[in-house]
Structures are given as C-alpha cells and as structure tokens.
Amino acid sequence: MNYMTIRTRFAPSPTGFLHIGGARTALFSWAYARKHHGQFILRIEDTDVARSTPEAVQAILDGMHWLGLDYDEGPFYQMQRMPRYREVIQQMLEQGHAYYCYASKEELEALRESQMQQGLKPRYDGRWRPEAGKQLPNAPQDVPPVIRFKNPQTGFVEWNDLVKGSIRISNEELDDLIIARADGTPTYNFCVVVDDYDMKISHVIRGDDHVNNTPRQINMLRALGAPVPKYAHLSMILGDDGQKLSKRHGAVSVMQYHEDGYLPEAVLNYLARLGWSHGDDEIFDMQQFCSWFDLDHITPSAAQFNTEKLNWLNAHYIKQADLSGLADDIAVRLEQLGIQNVSHETLTQQIALYRERTQTLQELANSLVYFYQTPEPAQDQLEKHLTDDIKPVLSNLIELLKTSEWTADAVHHVIDKIVQDNGLKFPKVAMPLRVILTGSAQSPSINEVMYILGREVVLKRLQQFF
RNA sequence: GUCCCCAUCGUCUAGAGGCCUAGGACACCUCCCUUUCACGGAGGCGACCGGGGUUCGAAUCCCCGUGGGGACGCCA
C-alpha cells in the first residue's frame, strides 16, 4: 500500500499558447493526481522575463479551462517567489554548494567552441570552482558574477524513470550549472528544484526534453537535503507529417481546436490515447480515464499526431452531445458567418439532421448556412440533375406542395406520389430538389430538409427555376 | 562531436518468453443498408528495422549495427 499523498504539477513557461504537447502533459499529470486522490498544482515558470507575457499566461489558463483540467493549488508564479529563491541561494553559498563565477559570456563562448572542435561535450570547466588548496583567479571588477551550483564531479546519478525505466548518467557528464544570473534572477533548473521541494511534488510528469535536466536537479535536491520525487518523462508528440512540432511548424494552440470546432471531450480522449493505452479501449470519458490511468502503460516512444483519428472521435462526441448545448455553440458560429437571430428550436432541428454527418462543429455550422441564405447551385450540378425531362414533373410537384400538409412525412409522400405516377426512381426527383434547395448534391433526406426549410422558402427557391 | 532516449500495420496502439497463424482503432478498399452524400453493419488489405546471441521456445531478454529523436544557454 502506498500511503504517500500524490502531488503532481504542470509547470509551463508563459512564452506562448498551450499547445497539444503541453496539454497532454497537463492531462496526464492531472489524471495521475485524480486517480490517486492527490493534488494537481499549476505553476507558471515565468523567470525568463524577456520572453514571458501576461497574454501567454492567460492563453494557458484559457486552454486548461476549456479542457476542464482543474487544479487544486495555484497558479503559482515563480516571479513572486524571488525572496524564497534568494534565501535558498544564500544558504547554498554558505554551505559551499554554490559559488560565484566571474567568467564572461565571451570567455564561455570561446571555451565552448574549442571544446566542440576537440569533439568534446561543451561544458563549463570549473575555472571559478573553489577547491581545497586551489588558487582562484582574482575577481575582475567589470564582470558581474553569476552563481553556479557545485555539482559532484564523480559518481553518477541514477533514477528509475516511470516511463523510460532506469536511466543513469555520470556526474562527469555534468557541469556546474548557473543557478543565478548576473542580475541576480534565479534560473530554471534551480527554481524547479526549490518549487518541487517546497510544493512537496511527489511525481514529476513532464516532457522528455527534460531528461537531461533531471540528474542536475537530483543533485541539487540532494544538496538541499530534499527528498527526490519520482520522475515520468513523456515522449514528444510529432506533427501529422511526422515532423517535430515547433512554433514555425505545426504547433497549434489547443484553443485553435476550439475555434476549429472540436469538442474538448474529443481532444481529451484523443490525447489520452496518444502514448497511453488501456487494452483495446478507444472511447472513454475523463472519469473512466482517471480511474484507469497509470504510468505503466505509457509508451516511451514518440507519437505522431493523427488528425483523422481526432476527427473520428470528434464526430463520435458530436453525435453524443447534448443538442441544446450544440445549438448554443453553433449559433455563435453562424453569427460569425453573418447569420443572426436564429431560433434555438429550429437550429436544434437542423443540428439533429446534420450532426451524424459532420466531423467538426465548424463543418456543421457551415453546412447549415443554406437554411438561412439562398444557395447558389453549381452549374454542373444543375445541368446534371435539373434535366429537361424532369422539369415538368417538378412543376407538377410544386403545385402539389402548395397545398399539401407540411410535415416531413407528408412531404415525403407527396414526392413519392409524383415519383410513382411518373414511373421514376426516387433520386430522379430528389436530386434536382437537393441541388436547388441546398445548393449541393449531398444532404440529409430531402423531405426532412424541406420540412425544416418551410413551405414558403421551398417554393420560393424552386420557382426561381421555373 | 559528446551524452541520453526510442524502434510492432501508413498512423495510434495491444503485447511483460509459449495464449501470436501478432489483436484493436483511425485511414484505405469491397459489399450491405439507402432518397444523394454521410452514418451504421459485414468483410478485406496491412507490421514485429537488420544481424548475432540466450532459451526446448523470442515481437517480448542480451549485444552489435542501422535509423529516428532529444540534450549540451546567464531559455524553459
């Protein structure tokens, strides 16, 4: 039995929107906490003052909210924790775990270059690292010092990654990383350590681009006498084309999915299955996901995003969705298309007719436009279906429609009667109607469409062609 | 360059030595349903990167290749 309280965190840096990879990391961290009745904490890592923006913070918050990933604590902002970081840095300085380094950026750049040329891993050479019996250079007056962590130089760091298994890295591969910049602000690896410690994080679930930071963080944690959390490093998500997602290529805000007409439950379900599995289960809600979720079934390899499958899930959730709720969403989208004041009730009928044949809400909204705006049928469709031989039949039909009862069934019977009387096949009459009334050769049952359009509109649109 | 990680159908994955003639899902193809297109239903196509071991037996374990990816910042 594990009596430890599970505490996870999602710690994005507010330098851009919440993208799909970040969303999955958040989802897994959230689910792990929920599964174990622990706490999920949101922490904004905004120590890069130059790149962090309040807009990005808001974008992340919006994304989390849209997905329904609620947090128990936070959001905490690292910039508001400066006094605490200074305190810990001071403590490390005093205990000999950290020291001042006066090497200039130029000096370090030169060092890096020569190391690369020699085929070595570029890293700080410890020139300002104090050692027993070592004579340090005189501190230059014109270089404001940074503070470096005194990383162990021998031995190795090993941890059992909950996704990737045992990982061991020699301390000789590591160097003395900077924990405070020349201007005094602390850096990422250090803040993470202090925060994870202070916030009693039990499981660090994050992207595997952090694997290389882990040994450094563990060393600092040890220097502070802090417990080492469990780590689970998630592999990255590749774009639809198999390429890495980046700002320049393919990375999309989760809110873009909202705009494009995806339901959060579809995105969530899709993301949950990207890198994690529960046997053959494909469709499940977040309650089920939280009860099933575990770290053992996360794949260690990278996954390629597949919009087709997301579309399939989205179509599924659109079919399941509450009609009235859909209507609210679609009304907004129609408004963006210049269609105002739609009747909620009529809209609900239209959606009921179209939801089974559409993959996104935007597509759904687009497909309803002809109900509100007279469509312009493509010429080739008209030529194909509105043939001279069928025109007299349609004229006949128009007359009958003027006085018939107006229900979907009744309209169907009227069309059917015309079809029978003329010895035709149903599509022969249905297709030209479809093209004229909807502007397209594809639509739901034409009698249903006509019923919702209403007698007046139907006659008006038809008579344009006679 | 150095270190680290990864490797099953086109894609997401199941698979913890025999249950695998490798299962499911998306996509694709065929048929059925049908008032067109979808939806739905029934089939089909389609994969263990290569080579060595270990073992009675390997998709599963080990090693070496190969191929991908990540990291090497006073970014996070």
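At 6% relative accessibility, Y354 counts as buried, where buried means under 20% relative accessible area, exposed over 50% and partly exposed in between (1.4 Å probe, protein chains only). F371 is buried as well, with a relative accessible area of 9%. The ring centres of Y354 and F371 are 6.4 Å apart and the planes stand at 90°, so the pair is edge-to-face. Rings of Phe, Tyr and Trp (its six-membered ring) pair if their centres lie within 6.5 Å; planes under 30 degrees apart count as stacked, over 60 as edge-to-face and the rest as tilted. Y354 belongs to helix α12 (residues 344–354) and F371 to helix α13 (residues 361–372), so the pair ties together parts that are 17 residues apart in sequence. Helices (H or I, at least four residues) and strands (E, at least two) are DSSP runs, numbered from the N terminus.

This is a predicted model, in which local features need pLDDT of at least 70 and side-chain atom pairs count only at pLDDT 80 or more, while totals for chains, interfaces and linings use all residues. Residues are numbered from 1 along each chain as its sequence is written, chains are lettered from A and ligands numbered from 1 in the order in which they are written, and side-chain values use heavy atoms, with hydrogens and water left out.

A search of the whole structure finds 18 aromatic pairs. In one of them, F284 and W292, the ring centres lie 5.7 Å apart and the planes meet at 75°, so this pair is edge-to-face. F284 counts as buried at 2% relative accessibility, and W292 counts as partly exposed at 22%. Both residues are part of one aromatic cluster, formed by F28, Y32, W276, F284, F289, W292 and F293.

Rings also take part in arrangements with charged groups. The charged end of R148 sits over the ring of Y124, 3.5 Å from its centre, and that of R168 sits over the ring of F156, 3.7 Å from its centre. A charge sits over a ring if NZ of Lys or CZ of Arg is within 6 Å of the ring centre and within 35 degrees of the ring normal.

The next topic is RNA strand B. The strand is surrounded by 61 residues, and the closest are G119, R181, R357, S443 and N447; a residue is near a molecule or strand if one of its heavy atoms lies within 4 Å of it. Of the strand atoms within 4 Å of the protein, 67% belong to sugar or phosphate and the rest to bases. The residues of this surface divide into 22 nonpolar, 18 polar and 21 charged. In this division Ala, Val, Leu, Ile, Met, Phe, Trp, Tyr, Cys and Pro count as nonpolar, Asp, Glu, Lys and Arg as charged, and the others, Gly among them, as polar.

Elements that each supply at least two residues of the surface near RNA strand B are α4 (105–117), β12 (303–304), α10 (307–320), α17 (426–438) and α18 (446–453). The largest share, five residues, comes from α17. Three atom pairs show the detail. A polar side-chain atom of N213 lies 3.3 Å from a base nitrogen of RNA strand B. A backbone N or O atom of A441 is 2.9 Å from a base oxygen of the strand, and a backbone N or O atom of K309 is 3.2 Å from a sugar or linking oxygen.

Helix α18 can be followed further into the protein. Six of its eight residues are buried, so α18 is largely enclosed by the rest of the structure. The buried residues are I446, N447, V449, M450, I452 and L453. What covers them includes α12, α13, α15 (391–403), α16 (408–421), α17 and α19 (455–463). After α18 comes G454, whose phi is positive, near 95°.

V419 lies in helix α16 and is buried, with a relative accessible area of 2%. Leaving aside neighbours within four places in sequence, V419 is in contact (heavy atoms within 4.5 Å) with L424, K425, F426 and V429.

N219, in helix α6 (residues 214–223), is buried, with a relative accessible area of 4%. Its side chain makes a polar contact with the side chain of N171 (3.0 Å). A polar contact is a pair of N or O atoms within 3.5 Å; within protein, one must be able to donate a hydrogen and the other to accept it, and residues adjacent in sequence count only if both atoms are side-chain atoms.
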